[in-house]
Amino acid sequence: MLSLLLIFTIIIIIFYYKWVKTFPPGPFPLPIIGNLHQLATASHPHKRIEELGKEYGKVFTVFLPLPVVVVTGLEETREALLGSKGDNFSSRPDNPSDSLFMNIPNGGVIFSEGKQWNEQRAFTLSTLRYFGVGSQIMEQKIISSVQALFDHFDKLDLSCLDINWPVHLCVGNVIHEVLFGDQVPYGKAHEMRYFQDLIDEAMQMVRSRASVLVVQALPWTRHLPLIGYWGYWQLRNIALELIKYVNEQVQRVQEKDEGIEENFVSAYLREIKKREKLEEETSFNDGNLVNTVTDLWLAGMETAATTIRWAITLLTAHPKVQEKLAAELDEIVGDRMISMSDKQRLLYAQAVVCEIHRVSNVVTFNVFHKTYRDDTLAGHFIPAGTTVLPQVSAVLDDEQIFENAHEFNPERFIKRKNDGIELLKDEMDKVIAFSLGKRQCAGEALARMEVFLITLSIVQRYRLLPADSSQLPKLNPIFGILQTPKPFEWRLQNRKISKY
Ligand code: HEM
């Protein structure tokens with residue numbers, strides 16, 4: 001009996017390693033746990049992934065314990081996500097931690113796939129455009145949020161303050177207005193503050209708990225006591241609270257509360273009615289409305305706000321870059337409000353903002369993709385249904401692409417000539433912070449406008465200094481779902497009295 005069991009186990013192991021060989025090579029996996037032991041014990045799993053990329057090439061497989069094909073090279077990411085293969089690499093795997101924020105199965109736009117995703121994404125992009133993303137209408141919304149931030153600063157002691165929360169609310173208000181039609185005044189933002197703290201708590205849990213990784217790898221463990229609670233249900237409860245807030249906002253729009261302008265939710269409600277009349281199968285319904293809006297609210301607030309916090313941190317740590325940037329703003333914009341139409345003349349600012357996106361590198365792990373059918377990548381066979389991780393953070397950090405990648409150096413995107421400077425557009429295109437192709441960030445145009453206008457408006461108005469002049473901000477990040485800067489205390493010095 002024992003020898004039969006042994007033979008059976010050996011056969012299973014032989015088949016396991018034959019199956020392992022059908023994927024691109026990577027670190028040696030163990031049966032059952034794959035490479036989990038190598039990643040779960042790393043203090044920063046996404047950095048460990050980057051290191052593996054150096055060992056095994058730009059396309060390799062880690063078993064968690066199911067295979068994940070990791071792509072860490074720029075050319076390989078372009079091959080997978082752009083051109084003829086782009087469609088095939090655009091599906092999403094069904095993963096319990098990715099569905100934490102789902103209100104209905106396959107709901108929303110970030111983690112859904114197939115026809116439902118197609119419909120939600122197309123509607124999201126066209127509605128964001130309709131509400132002015134990429135035009136002066138959105139510019140006005142952003143500037144009015146910046147103005148509210150400055151009015152708030154005017155009431156504070158600027159000799160020592162933590163700008164984290166005010167900046168979050170400034171960015172949060174832009175997406176709040178797009179989605180729900182109004183902004184939240186600084187004096188009445190207790191509820192938003194509560195949700196911000198809740199999101200921070202969730203990020204902290206994901207960062208510090210091995211149980212989260214265990215549930216992600218072995219979804220059935222979420223039904224076990226303790227591991228399930230720590231690794232899934234506690235996070236799910238936070239997600240449900242956030243979904244409940246979005247639900248209340250949707251109701252406010254439905255009941256047409258006073259002061260609410262035309263917004264994403266009202267456009268979505270109209271779309272539901274339109275599709276009902278057509279009597280065709282559709283993913284537009286109340287459940288998906290809440291799901292898509294939750295996706296946009298969370299993705300739209302956290303990533304852009306964190307990038308702007310990085311901008312402020314990096315510019316404080318690099319006073320020469322800050323002063324050069326302020327000088328360009330003085331020369332080209334002067335005292336008036338900055339506008340997107342200034343962008344083409346603000347060449348140094350463009351290089352600085354591009355370097356901010358690269359160095360802040362906020363998305364630690366990209367969202368998983370999945371292939372629909374068999375394919376190849378960099379000469380490797382990739383079977384249908386394989387989970388693929390286009391690890392954009394590894395590209396932004398790659399020393400072979402960006403010399404001295406760990407340094408904040410906007411000059412890398414600039415060619416100096418006798419009569420001025422020229423931007424190195426091909427180099428800037430390598431900063432793929434928003435990923436590429438069919439799944440490329442749906443809020444990219446909005447995020448770029450926010451980071452550009454908010455960062456530059458702050459530098460135009462204030463000199464960013466450390467509250468304690470003997471201490472510059474530390475640049476080693478806190479790793480979590482996002483890579484965030486460490487808390488810091490600032491002194492803001494008015495460069496001049498603003499005229500707007
Ligand atoms: C600096 C800020 C931002 C960064 C760095 C960023 C980055 C990303 C990345 C890396 C992805 C995953 C792409 C992939 O699957 O390969 C993504 C997806 C997404 N982002 Fe952003 N994002 C930012 C801001 C925003 C904003 C402001 C919004 C909303 C208005 C937004 C909405 C989305 C959505 C809806 C998706 C899912 C797209 C899909 O699966 O079709 N993001 N973003």
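In this predicted model, the iron atom of the ligand has a single donor from the protein: the SG atom of Cys441, 2.3 Å away. Cys441 lies in the loop that runs between helix 16 (425–428) and helix 17 (444–461). According to the UniProt record, an unreviewed entry, Cys441 is covered by the annotation "binding site".

The surroundings of Cys441 may be set beside those of another cysteine, Cys170. The table lists the relative accessibility of each residue.

| Residue | Relative accessibility | Class |
|---|---|---|
| Cys441 | 33% | partly exposed |
| Cys170 | 1% | buried |

Cys170 counts as buried because its relative accessibility, 1%, is under 20%.

How many disulfides does a search of the whole structure find? The search finds zero. For Cys170, the closest cysteine sulfur is that of Cys441, and the two sulfur atoms are 18 Å apart, too far for a bond. A disulfide requires the two sulfur atoms to be within 2.5 Å, so this pair does not qualify.

The loop that holds Cys441 is followed by helix 17 (444–461). This helix has 18 residues, and at 1.5 Å a residue it should span 26 Å. The end C-alpha atoms of helix 17 are 26 Å apart, which agrees with the expected span. Helix 17 is also mostly covered, since 16 of its 18 residues are buried.

Key: Residues numbered from 1 in each chain as written. Predicted model: local features only at pLDDT ≥ 70, side-chain atom pairs only at ≥ 80, totals over all residues. Heavy atoms only, no water. Donors = N, O, S within 2.8 Å, 3.2 Å for Na, K, Ca; no water. Helix = DSSP H or I, 4+ residues; strand = E, 2+ residues; numbered from the N terminus. UniProt positions renumbered as here; feature names shortened; annotations may be inferred. Buried < 20%, exposed > 50% of the residue type's maximum accessible area, 1.4 Å probe, protein only. Expected span 1.5 Å × (residues − 1).
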